[in-house]
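Colleague: I would like to go through the contacts in this model with you. Could we begin with the two chains and then turn to the domains?

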Amino acid sequence: MITSDNSAPVLTGNRPFEILRREDYSDVTYMLEVHHPQMARAAQPGQFVIVMSHSDGERIPLTIADFKREKGTITLVIQAVGKSTLEMKEMCQVGTHLYGLAGPMGIPSHVSSAKKVICVGGGLGVAPVYPQARALKEAGAYVIGILGYRTKDLIFWEDKFRAITDELIICTDDGSAGIRGFVTDGIRQALESHPDTEEVIAIGPPVMMKASAQATKPYGIKTMVSLNPIMVDGTGMCGGCRVKVGEKVKFACVDGPDFDGHEVDFDDLMIRLRRYKEEERVARERWSESCRMSTAAVGSEYATVSA
Amino acid sequence: MAKKRTVRTIHQERTPVAELDAFTRAHNFEEVNCGYTEAEAIRESERCLFCPDPKCIEGCPVSIDIPNFIQKIGERDYRGAYEVITGTNLLPAVCGRVCPQENQCEGVCTVGETLESVAIGRLERFIGDLAIQNNWINKPYIQPSRSSNGGRYRIGIVGSGPSGMACAADMAKAGCDVTVFEAFHEAGGVLRYGIPEFRLPNTVVDAEIDKLKELGVRFECNVLVGRLFTIEQMIEEMGFDAVFIGTGAGYPTMLNIPGDSLNGVLSANELLTRCNLMRAREFPNVDTPLPLGKHVVVVGAGNTAMDALRVSMRLGAEKVTCVYRRSKVECPARAEEVHHAEQEGIEFNWLTNPIEILDDGEGNVRAIRCIRMELGEPDDSGRRRPVTIPGSEFEIETDEVVYAIGTNANPIIGQTSKLKLNKWGYIATDKTLMTSIAGVFAGGDIVTGAATVIMAMGAGRKAAQGMKAFLGIRDIGPLRRDHSIFGIDAREHNFMRVRVAA
Ligand SMILES: Cc1cc2nc3c(=O)[nH]c(=O)nc-3n(C[C@H](O)[C@H](O)[C@H](O)COP(=O)(O)OP(=O)(O)OC[C@H]3O[C@@H](n4cnc5c(N)ncnc54)[C@H](O)[C@@H]3O)c2cc1C
Ligand SMILES: Cc1cc2nc3c(=O)[nH]c(=O)nc-3n(C[C@H](O)[C@H](O)[C@H](O)COP(=O)(O)OP(=O)(O)OC[C@H]3O[C@@H](n4cnc5c(N)ncnc54)[C@H](O)[C@@H]3O)c2cc1C
Ligand code: SF4
Ligand code: FES
């Protein structure tokens, strides 16, 4: 495992965090594979990292969408929604380095012993649900994947999911691929043919997770969601990421990010996500002006589901 | 020292220190206290009586030989003064600024019984600043200490706050190979992310960290210990001979009243981290935002609350109000901070307890509902317990509420290791500060709960002593008061390694 040679330097921190591979899945979605062997060893499904792309940047949380222990890399799949993620889309090319990369953060997802599970990923949740789906498959479960995209052109990782699921349902809002509709339609369809499903895992925009939790509630099926509130440190120090779960206040970065979807107060989460709307707009506009780049690329994944 | 000084012969007035005027400084982040000039420092040094039984040393949590360093200032031997202080205190420029001296050395100073006490803190800072300007460093003669298999002892320090810095320095001086792991992207702990620039400039923190680097200490930022690797792995797999945990008590407490989760309610830690570490006050030139309220209400009255109040003022709030359920007498912040805050135009509502935060219908704060209190019988802490005055509820219009009502133990190390914790989640240690895992020590806020910089630093040094004993490195003990050991000056001893025969 980790070096035990007394004289060898510790292989941690201040390493370059070099970007070894990049792939663009669409105008707004891109994948970065970042060199961090120690993190690749430590990472587990459900965990996230905090990234700073440059010294004046924000600390932004991103899920570890995959990790390759032998290659020593972690994979991030990022959707360009605002200043930081748009800027990273321009800056983070192969061979460049991230300024800061800390993690893996959060409590790893509990890989249950359920025999049949549904893993739902909507929009930017597609990538984060992957390591959980894979872990469940490896644990011997029958895994049904449900992936939601706005349209056919935005589809990515279909092949990766095919390889680790027993059934895969693709949903697009416009019907250009798979079934026409939202992931909740996919969930209902899957539950009809598999009433013996023991657990549902849903990751995506808050409206989607809320709708998914509502869809499974009548069946009384345990539904885990991964919350994405605004974070600063990711280490339990600021309380900015607090969420309401079953009337209790939890810090998503250290008590989560996974919580029981039937207990989460999603409306509270959605209100809190709007906290910096005005500043986010200012930052984005300033940045777009400064690099004379159109903001047309900014898409909203919220369109993936009905509220 | 020709004639013996007495309280009657010394300067009666404490030498004042220049401060930025309250109006200007309330709108910038420049340091408020300008520090003594040389002449001022010398004048103040002349107020020390060099008591035969100096109370101030007892009052100092790390027993700095105060009269000795003050005497050296009087003799204009500043380098000598620096060496006296750094014999026990590694961070004079920091402690001279942020220590609650009025409850420590200055609180018990003999002069203080009749006049205003000697300004020990300001003198300490004078020396600390000189050291930074002149790049003085007690670069010890370090003989690498050898572990049984011939390599240097490797020490891992978790957390780069004052406790971690102090332990790192002592172990480096003992010839060990020391690595400090910090979760944030910059080192310094609360000194970096909490205490604002106008009280403790970042350049001072940088200078102290640079000194550690000169001692050979390595800093590894962006490392969240517990998650990237565990404490157990550090010992069992990564080849660390001993580990010190100084992760602080940063988990903020929320009030648990209705309206807690509204936008515009945040912890002082979040406000200060955004402002200090992430430099949000430069937004949009940096990316981290910090939308500021017009009328900010801060709940609590400790040092953290004072910092939150004064930062909000400087960020441009029109009105800043402090709400505290006890009276000014019970307020835990340093007297100087409250005084400064008042000068800067901050309004204080003593004996006022918040009961609800009201929203504007869109999830934002509109007002805070409070109730008036009066002082009743003393409680366990000896402070008179505040009791509510029925029917005295009232509202304060506000668009931002900051909680500065204390912090708890950070849960990450507990979640990821088998270390024994106490019932509040702090790490349990024995007298030498060793935890339930052999070779793993802990100190500072993560053991005691939120305390002070000097206590954390003292704990780091104490743990270093325990660590040296554990590793079999003979230690002459930084806290020993006798001035020579085996006929060698204690100062030198402190920096020299004496190895036991294996
Ligand atoms: C645990 C967790 C995992 C995440 N995983 C991913 C992921 O794998 N891929 C991905 O594309 N995105 C992920 N996100 C969301 C991502 O962090 C935000 O999209 C990003 O911070 C937006 O920054 P921005 O400057 O580009 O946009 P901004 O203009 O700042 O904001 C755009 C949107 O992002 C939200 N946001 C802003 N700042 C933060 C922040 N610090 N933390 C969380 N949300 C924020 C805002 O509420 C807003 O809706 C995750 C968030 C969390 C908390
Ligand atoms: C706003 C504020 C103002 C204050 N003002 C004063 C004052 O005027 N005078 C005074 O004496 N005291 C003051 N204090 C208290 C004082 O700062 C603390 O008591 C002291 O800093 C504690 O030191 P520490 O070394 O225990 O921890 P900290 O300074 O809290 O440092 C802990 C460090 O460990 C890091 N860390 C945490 N977990 C991990 C992990 N798992 N892996 C890696 N790194 C980790 C953190 O990021 C942090 O950098 C103040 C505190 C605050 C918050
Ligand atoms: S108690 Fe006061 S007067 Fe006496 S030695 Fe200490 S600083 Fe000087
Ligand atoms: S992000 Fe600061 S406490 Fe969770």
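Modeller: The following exchange covers the contact between the chains and then the domains of chain A. Please keep in mind that this is a predicted model.

Colleague: How many residues does each chain give to the contact?

Modeller: Chain A contributes 62 residues and chain B contributes 57 residues.

Colleague: What area do chain B and chain A bury between them?

Modeller: The two chains bury about 4900 Å² between them, and 53% of that is on carbon and sulfur atoms. On the chain B side, B:Arg227, B:Leu228 and B:Asp287 supply 14% of the area buried against chain A, more than any other three residues.

Colleague: How many salt bridges are there between chain B and chain A?

Modeller: The count is zero salt bridges between these chains. There are, however, twelve residue pairs in polar contact between chain B and chain A, with both residues at pLDDT 80 or more.

Colleague: Which elements of chain B give two or more residues to that side?

Modeller: They are the strands S2 (177–181), S3 (218–220), S5 (251–252) and S6 (265–267), together with helix H13 (268–277) and helix H16 (412–416) of chain B. H13(B) gives the most, with four residues.

Colleague: And what is the make-up of that side by class?

Modeller: The side of chain B that touches chain A has 26 nonpolar, 19 polar and twelve charged residues.

Colleague: Let us change topic. Where do the domains of chain A lie?

Modeller: The domain assignment places domain 1 at 17–105 and domain 2 at 116–273 of chain A. Their C-alpha centres lie 21 Å apart.

Colleague: How many residues of each domain are in contact?

Modeller: In chain A, 18 residues of domain 1 are in contact with 20 residues of domain 2. These two domains bury about 1600 Å² between them, 63% of it on carbon and sulfur atoms. A:Tyr25, A:Phe48 and A:Asp66 supply 26% of the area that domain 1 buries against domain 2, more than any other three residues.

Colleague: How many salt bridges cross the interface of domain 1 and domain 2 of chain A?

Modeller: The rule finds two salt bridges across that interface. As for salt bridges in chain A, the side chains of A:Arg134 and A:Asp66 meet in one at 3.0 Å, N to O. Five residue pairs are in polar contact between domain 1 and domain 2 of chain A, both residues at pLDDT 80 or more.

Colleague: Which strands of domain 1 give two or more residues to the side that touches domain 2?

Modeller: In chain A these are S3 (48–52), S4 (60–63), S5 (66–68) and S6 (73–79). The largest share, three residues, comes from S6(A).

Technical notes: Residues are numbered from 1 along each chain as its sequence is written. Chains are lettered from A and ligands numbered from 1 in the order in which they are written. This is a predicted model: local features need pLDDT of at least 70, side-chain atom pairs count only at pLDDT 80 or more; totals for chains, interfaces and linings use all residues. Side-chain values use heavy atoms; hydrogens and water are left out. Contact means heavy atoms within 4.5 Å. Buried area is the accessible area (1.4 Å probe) that two parts lose on being put together, summed over both. A salt bridge is a side-chain nitrogen of Lys or Arg within 4 Å of a carboxyl oxygen of Asp or Glu. A polar contact is a pair of N or O atoms within 3.5 Å; within protein, one must be able to donate a hydrogen and the other to accept it, and residues adjacent in sequence count only if both atoms are side-chain atoms. Ala, Val, Leu, Ile, Met, Phe, Trp, Tyr, Cys and Pro count as nonpolar, Asp, Glu, Lys and Arg as charged, and the others, Gly among them, as polar. Domain bounds come from an automatic or database domain assignment.
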